[in-house]
Amino acid sequence: KDLRGIDVERIYLDLHNNFDFGGYSKSGTTVEIKFKVTTGDWIPADTPAELLLRFDDVSYFEKRGNLDDVTSIDEIGFFENSTQGKVEYNGANKPSHGADLLVFRFIGGGELAVSGEKATCIATKKA
């Protein structure tokens, strides 16, 4: 609800404070966005070591700006599809009809915008 994390099976995962961006890939109509847990004494012990967000049947995907040096999420939100997420205001924390374009904005500038039929979060536990 704060546009900085995601809820997975009733567990809040703070992407802004507890995870670093690990890159993305696109293959056909599938987009994968990776995050890895950061180092810090504030990280809850049960925090997954890695997260993979997979979007299937993607109808829109765009990388904006330089993502080479970004590590932290600034915000995540859903935007009206017609805007392609190219707006200066905060998105919504849930998709709605005609507004299911998800934008990941990173501290330092880069963005990823994706719209697909299905999203899956795969969490890898710490060893």
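A residue counts as buried when its relative accessible area is under 20%, as exposed when that area is over 50%, and as partly exposed in between. Keep that scale in mind as we walk through this structure, which is a predicted model.

Let's start close to the beginning of the chain, with Leu 3. This residue sits in the segment before strand 1. Its relative accessible area is 14%, so Leu 3 is buried. Its backbone is worth a look too: Leu 3 is not a glycine, yet its phi is positive, at about 65 degrees.

Now step back to the whole chain. It holds 1 helix and 10 strands, and reading along the sequence gives the pattern β-β-α-β-β-β-β-β-β-β-β. The C-alpha trace spans about 40 × 25 × 25 Å along its principal axes. A compact globule of 127 residues would have a radius of gyration near 14 Å, and the chain agrees with this because its own value is 14 Å. Buried residues make up 43% of the 127. Contacts that reach far along the sequence are well represented: taking contacts between residues at least 6 apart in sequence, 57% join residues at least 24 apart.

What does the outside look like? The chain exposes about 7,400 Å², and carbon and sulfur atoms supply 47% of that area. As for charge, there are 15 positive and 21 negative side chains, with the centres of the two sets 3 Å apart.

Next, the interior. In soluble globular proteins, nonpolar side chains tend to be buried together. Here the largest nonpolar core has 23 residues, and the members that touch the most others are Leu 15, Phe 21, Ile 33, Phe 35, Phe 55, Phe 104 and Phe 106. Several strands contribute two or more residues to this core: strand 1 (5-8), strand 3 (19-27), strand 4 (30-37), strand 5 (50-56), strand 7 (73-79), strand 8 (101-106) and strand 9 (111-115). Apart from this core lies another one, of 6 residues, including Tyr 60, Phe 79, Leu 101 and Ala 113.

Phe 55 is a handy place from which to explore the largest core. Setting aside neighbours within four places in sequence, Phe 55 is in contact with Thr 29, Thr 30, Val 31, Ile 33, Leu 102, Phe 104, Val 114, Lys 118 and Ala 119. Two of these partners, Ile 33 and Phe 104, are also among the core members that touch the most others.

A little further along the chain is Asp 57, in the loop between strand 5 and strand 6 (60-64). Asp 57 is another residue other than glycine with a positive phi, near 55 degrees. Its relative accessible area is 48%, so Asp 57 counts as partly exposed.

Where do Leu 13 and Ala 123 make their contacts? Leu 13 is in strand 2 (residues 11-14) and counts as buried because its relative accessibility is 7%. Beyond its neighbours within four places in sequence, Leu 13 is in contact with Gly 5, Ile 6, Val 8, Phe 19, Pro 48 and Leu 51. Its C-alpha is 7.6 Å from that of Thr 47, although the two residues are 34 apart in sequence. Ala 123, in strand 10 (residues 118-124), touches Pro 48, Glu 50 and Leu 51. Pro 48 and Leu 51 are thus partners of both Leu 13 and Ala 123. The C-alpha atoms of Ala 123 and Glu 50 are 5.8 Å apart, with their positions 73 residues apart in sequence. Unlike buried Leu 13, Ala 123 is partly exposed, at 41% relative accessibility.

Our last stop is Arg 64 and one of its partners, Lys 86. Arg 64 lies in strand 6. Is this charged residue buried or exposed? With a relative accessible area of 11%, Arg 64 is buried. It touches Gln 84, Gly 85, Lys 86, Gly 110, Glu 111 and Ala 113, not counting residues up to four places away in sequence. Lys 86 belongs to the loop between strand 7 and strand 8 and is partly exposed, at 49%. Its contacts outside the local sequence are Tyr 60, Glu 62 and Arg 64. Of these, Tyr 60 is a member of the 6-residue core.

Technical notes
Residues are numbered from 1 along each chain as its sequence is written. This is a predicted model: local features need pLDDT of at least 70, side-chain atom pairs count only at pLDDT 80 or more; totals for chains, interfaces and linings use all residues. Side-chain values use heavy atoms; hydrogens and water are left out. A nonpolar core is a set of buried Ala, Val, Leu, Ile, Met, Phe, Trp, Tyr and Cys residues joined through side-chain atoms within 4.5 Å. Buried means under 20% relative accessible area, exposed over 50%, partly exposed in between (1.4 Å probe, protein chains only). Helices (H or I, at least four residues) and strands (E, at least two) are DSSP runs, numbered from the N terminus. Contact means heavy atoms within 4.5 Å. The radius of gyration is taken over C-alpha atoms; the globule rule is 2.2 Å times the number of residues to the power 0.38. Accessible areas come from the Shrake-Rupley method with a 1.4 Å probe; for residues, only the protein chains shown count as cover. Lys and Arg count as positive and Asp and Glu as negative; His and the chain ends are not counted. The place of a charge is taken as NZ of Lys, CZ of Arg, CG of Asp or CD of Glu.
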